[in-house]
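Me: I have a structure to study. Can we go through it in short questions and answers?

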Amino acid sequence: MISSKPLDIPCSLQERKVLEKIALAAHELGVPAYLIGGFVRDKLLGRKTKDMDIVCVGDGIALAHKVAESLGNNIPVSFFKTYGTAQVKWNELEIEFVGARKESYRQESRNPEVSAGSLQDDQNRRDFTINAMAISLKDMDYGSLLDPFDGIGDLDRKIIRTPLEPAQTFSDDPLRMMRAIRFASQLQFTIEATAFTAIRENAERIRIISQERITDEFNKIMLSPKPSVGLDLLYKAGLLKIIFPQMIDMVGVEMYEGKGHKDNFYHTLQVVDNIAENTRDLWLRWAALLHDIGKPATKKFEPGHGWTFHGHDAVGGKMVQRIFTRMKLPLSDKMKLVKKLVELHLRPISLTKENITDSAIRRLLFDAGDDIEGLMMLCEADITSKNKAKVKRYLENFELVRKRLKEVEESDRIRNWQPPVTGEMIMDTFGLKPGRIVGELKSAIREAILDGEIPNTYEAAYAFLLEKAGALNLTPVK
Ligand code: ATP
Ligand code: MG
């Protein structure tokens with residue numbers, strides 16, 4: 001029995017225990033087994049990781065069942081016979097089992113012809129050298145690192161490199177182009193020059209990959225420490241223009257009468273990086289990515305004034321749903337949040353001017369609701385001036401806006417607020433059916449309260465309603 005033998009990677013006690021159980025099960029079945037891929041890479045990098053990939057020279061599903069049995073009673077195994085893969089969940093760990101395979105690809109698909117193979121065959125079909133390293137779970141060399149392509153050297157040099165010829169690797173499975181860029185962004189590694197050239201040359205082949213998988217990788221880039229690394233690589237590789245053409249419309253600076261505007265693409269990348277320093281929330285990062293997406297469509301040169309982008313907030317807001325639909329992102333509250341932040345992203349700036357009334361502050365609190373903090377974060381991230389004094393002044397201005405927001409919210413409780421007289425009450429009072437007039441009366445009450453014209457009480461709102469309705473010749477029915 002293998003017990004507490006050393007491993008070439010640092011593992012917790014629990015992980016060791018599981019690996020030893022897997023080794024024992026594999027030994028009993030007589031199949032050589034290895035820990036491989038992301039887990040090995042991440043452990044060597046000291047990153048957190050919970051999914052283990054086990055490859056065995058034999059039947060992966062049978063091994064999964066045996067391991068599940070040895071881990072305890074009734075541990076379920078989910079498996080896919082067609083792919084020969086199985087998954088076991090145990091505590092926080094997700095353990096994936098597969099038989100070693102050899103692959104050959106056809107031009108029109110990323111689904112290869114698969115046959116059983118050796119560990120070496122399996123390592124050859126892995127995407128990057130740093131993802132091809134294995135730890136043996138065999139008795140003979142238990143715990144030792146099997147690294148045929150010097151993945152460990154590449155970890156050290158911080159390089160993304162393919163085990164085999166890069167052009168072939170990316171053409172075989174174009175998703176690997178997204179993965180290369182995603183790893184470069186997550187790990188802050190460099191993609192080897194020949195590999196990057198191969199990505200540029202094969203960019204068009206990304207079209208055979210499903211949108212869900214592309215978006216999955218894109219979101220991993222968005223969640224990386226400095227998303228601009230991956231986004232810029234996507235642009236330079238020629239992938240962005242295929243998967244996200246609206247971003248490309250933001251690239252570049254147009255000159256007219258000697259005046260240019262800022263490059264909205266690189267400005268956006270900076271804003272995404274800025275917000276990434278303060279939040280891991282994917283959707284706030286998406287809001288940063290899309291905040292200026294309406295600029296290309298609204299760009300104008302106004303003589304005597306320069307470049308303007310009037311209405312880019314509203315136009316951008318309208319584009320959000322289309323982009324989410326195309327990217328197969330959820331059309332849920334998250335989409336609504338992104339849309340709202342894009343629409344509102346200029347509002348706090350307008351509140352940094354002098355003599356701002358409480359009613360302007362109330363209005364923003366009402367419109368932003370609970371997302372006010374996210375909105376302020378976006379606005380602060382939107383400051384990308386290189387002039388330190390300017391940045392400091394802008395930030396101080398936003399600090400004042402935050403203070404006012406806090407004061408007004410404390411006194412008026414306007415976030416998530418609803419006016420004291422509802423649409424139903426209006427219909428009851430005047431015997432009206434739902435329709436335009438009810439909507440108008442309702443918003444008149446809301447506006448009057450937000451503007452501070454009348455106090456936020458039922459009595460004042462009702463009196464105001466009677467007055468407004470009177471002007472429309474409406475009389476109460478009771
Ligand atoms: P993460 O779990 O952070 O997404 P990972 O490298 O573990 O990163 P997985 O999708 O979990 O990625 O895949 C596990 C392993 O399977 C990888 O490390 C790699 O060896 C291999 N692999 C995954 N996708 C591909 C692919 N498209 N082409 C070749 N090998 C792949
Ligand atoms: Mg993984």
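The turns below go from the whole chain to one sheet and then to the ligand.

Me: What does the secondary structure of the chain come to?
Reply: This is a predicted model. Both helices and strands are present in the chain. The count is 24 helices and 15 strands.

Me: Is the chain compact or spread out?
Reply: For 478 residues, the globule rule gives 23 Å. The radius of gyration of the chain is 29 Å, well over that value. Therefore, set against a compact globule, the chain is more spread out.

Me: What does the C-alpha trace span along its principal axes?
Reply: The span is given for each principal axis in turn. It comes to about 90 × 65 × 45 Å.

Me: How far apart are the C-alpha centres of domain 1 and domain 4?
Reply: Start with the domain assignment. It puts domain 1 at 2-152, domain 2 at 158-243, domain 3 at 277-412 and domain 4 at 423-471. Between the C-alpha centres of domain 1 and domain 4, the distance is 67 Å.

Me: Which strands stand at the edges of the seven-stranded open sheet?
Reply: The strand order is β3-β4-β5-β2-β1-β8-β9, and the pairing is mixed. An edge strand here has a single partner strand, so one of its sides has no neighbour in the sheet. The two edge strands are β3 (77-80) and β9 (145-146).

Me: Which residue is the bridge partner of L35 in β2?
Reply: Strand β1 covers residues 33-36, and strand β2 covers residues 51-56. They run antiparallel, joined by four bridges. In β2, L35 is partnered by I54.

Me: Do β2 and β5 run parallel or antiparallel, and which residue of β5 stands opposite M52?
Reply: Strand β5 covers residues 93-99. Six bridges join it to β2, and the two run parallel. Opposite M52 stands I95.

Me: Which residue of β9 stands opposite A134?
Reply: Strand β8 is made of residues 134-136. Two bridges pair it with β9 in the antiparallel sense. The residue opposite A134 is L146.

Me: Where does ligand 1 lie?
Reply: Look at which domains give residues to its shell. Domain 1 (2-152) does, and so does domain 2 (158-243). Ligand 1 therefore lies between domain 1 and domain 2.

Me: How many charged residues does the shell around ligand 1 have?
Reply: There are 16 residues around ligand 1, and R41, R126, N131, D173 and R176 come nearest. By class, one residue of the shell is nonpolar and three are polar. The charged residues number twelve.

Me: How much of the accessible area of ligand 1 does the protein cover?
Reply: Take some contacts to oxygen atoms of the ligand. A backbone N or O atom of G38 lies 3.0 Å from one, and a polar side-chain atom of R126 lies 3.1 Å from one. Also at 3.1 Å from a ligand oxygen is a side-chain N or O atom of R182. Of the 580 Å² that ligand 1 has on its own, the protein covers 78%.

Me: Which element gives the most to the shell around ligand 1?
Reply: The elements that give two or more residues are α2 (38-45), β2 and α7 (175-187). The top giver supplies four residues. That element is α7.

Methods:
Residues are numbered from 1 along each chain as its sequence is written. Chains are lettered from A and ligands numbered from 1 in the order in which they are written. This is a predicted model: local features need pLDDT of at least 70, side-chain atom pairs count only at pLDDT 80 or more; totals for chains, interfaces and linings use all residues. Side-chain values use heavy atoms; hydrogens and water are left out. Domain bounds come from an automatic or database domain assignment. Two strands pair if DSSP finds at least two bridges between them. A residue is near a molecule or strand if one of its heavy atoms lies within 4 Å of it. A polar contact is a pair of N or O atoms within 3.5 Å; within protein, one must be able to donate a hydrogen and the other to accept it, and residues adjacent in sequence count only if both atoms are side-chain atoms. Accessible areas come from the Shrake-Rupley method with a 1.4 Å probe; for residues, only the protein chains shown count as cover. Ala, Val, Leu, Ile, Met, Phe, Trp, Tyr, Cys and Pro count as nonpolar, Asp, Glu, Lys and Arg as charged, and the others, Gly among them, as polar. The radius of gyration is taken over C-alpha atoms; the globule rule is 2.2 Å times the number of residues to the power 0.38.
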